[in-house]
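Thank you for making time for this. I would like to take you through one structure, beginning with its overall make-up and then turning to a few local details.

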Amino acid sequence: MEEKSMLSPPVTLLAQTDTYAFEELMNTHMPDVYRLCCWLVKDPVAAEDLTQEVFLQAYKHIGSFRGESQLGTWLYRIAVNESKRYLRSWSFRKLLYFSPSHNAFESVTARHVPDGEDESILVQLEQLVHALPFRHKQIIVLYYYEDLPAECIAEILNMKVGAVYTRLHRAREALKKKAVEVGKEWI
């Protein structure tokens, strides 16, 4: 009984599979998890399925959540792992298809363009990010687009903070190289 009292109240409620508490968790974190999945797999339809899978996995394993990190961080970690699994899956590698909603991705990730910035530059940057290998793309998305601190990313990716900075540096270099390859000026 003492172990449960050490957990924060929402986690204790979730561990008891309180439906209302889990609904609140979903309502709070679903848009962020969905956006992350969209970034990582670049397909809104697949991202919807992955988001459902993330919350299904969270529901199944909420009892094993130790409370050592925030629930959002734990959900992001599940989302990254599910996205990796999806991208490695046989069906993704062997079947070539075009999703009609593929273009809807732009509206999912669209952000307000600050005054004076050219929207086409931001779109080109997003295309370059999507052309990166998964390990570089995930670190760029988590750091720059999800605006997470390196410590949080380290928890999500199960790595040391120093390794996050190293991978982030390598991802920036890979992004710079991609930009030069396609003839874009690097800032």
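What follows is a short tour of the fold, two helices, the aromatic pairs and the cysteines.

Before anything else, please keep in mind that this is a predicted model, in which local features need pLDDT of at least 70 and side-chain atom pairs count only at pLDDT 80 or more, whereas totals for chains, interfaces and linings use all residues. Residues are numbered from 1 along each chain as its sequence is written, and side-chain values use heavy atoms, with hydrogens and water left out.

Let me start with the chain as a whole. It has eleven helices and zero strands, where helices (H or I, at least four residues) and strands (E, at least two) are DSSP runs numbered from the N terminus. Of its 187 residues, 40% count as buried; here buried means under 20% relative accessible area, exposed means over 50%, and partly exposed is in between, with a 1.4 Å probe and protein chains only. The chain exposes about 11700 Å², of which carbon and sulfur atoms supply 54%, the areas coming from the Shrake-Rupley method with a 1.4 Å probe, and for residues only the protein chains shown count as cover. If we take contacts (heavy atoms within 4.5 Å) between residues at least 6 apart in sequence, 66% of them join residues at least 24 apart.

Now to helix 11, residues 161-181. Its 21 residues should span 30 Å at 1.5 Å a residue, and its end C-alpha atoms are indeed 30 Å apart, the expected span being 1.5 Å times one less than the number of residues. Buried in this helix are V164, R167, L168, A171, A174, L175 and A179, and because they cover an arc of only 140 degrees around the axis, they lie on the same side of helix 11; the arc is that of the directions from the helix axis to the C-beta atoms. As general background, an α-helix has 3.6 residues a turn, so residues three or four places apart point the same way. On the other side of helix 11, R170, K177, V180 and E181 are exposed, and just after the helix G183 takes a positive phi of about 80 degrees.

Helix 9, residues 134-145, is largely enclosed by the rest of the structure, because nine of its twelve residues are buried. Among them are F134, H136 and Y145. The residue D147, which follows helix 9, has a positive phi near 60 degrees.

How many aromatic pairs does a search of the whole structure find? It finds two, where rings of Phe, Tyr and Trp (its six-membered ring) pair if their centres lie within 6.5 Å, and planes under 30 degrees apart count as stacked, over 60 as edge-to-face and the rest as tilted. The rings of W39 and Y145 have centres 4.2 Å apart and planes at 35 degrees, so this pair is tilted. Since W39 lies in helix 3 (residues 19-41) and Y145 in helix 9, the pair ties together parts that are 106 residues apart in sequence. Both W39 and Y145 are buried. The pair of Y143 and Y144 is edge-to-face, at 4.9 Å centre to centre and 85 degrees between the planes; Y143 is partly exposed at 24% relative accessibility, as is Y144 at 43%.

Finally, the cysteines. The structure holds zero disulfides, a disulfide being a pair of cysteine sulfur atoms within 2.5 Å. Why is C37 not bonded to C38? The sulfur of C37 is 7.5 Å from that of C38, its closest cysteine sulfur, which is too far for a bond. C37 is buried at 0% relative accessibility, and C38 is likewise buried, with a relative accessible area of 0%.
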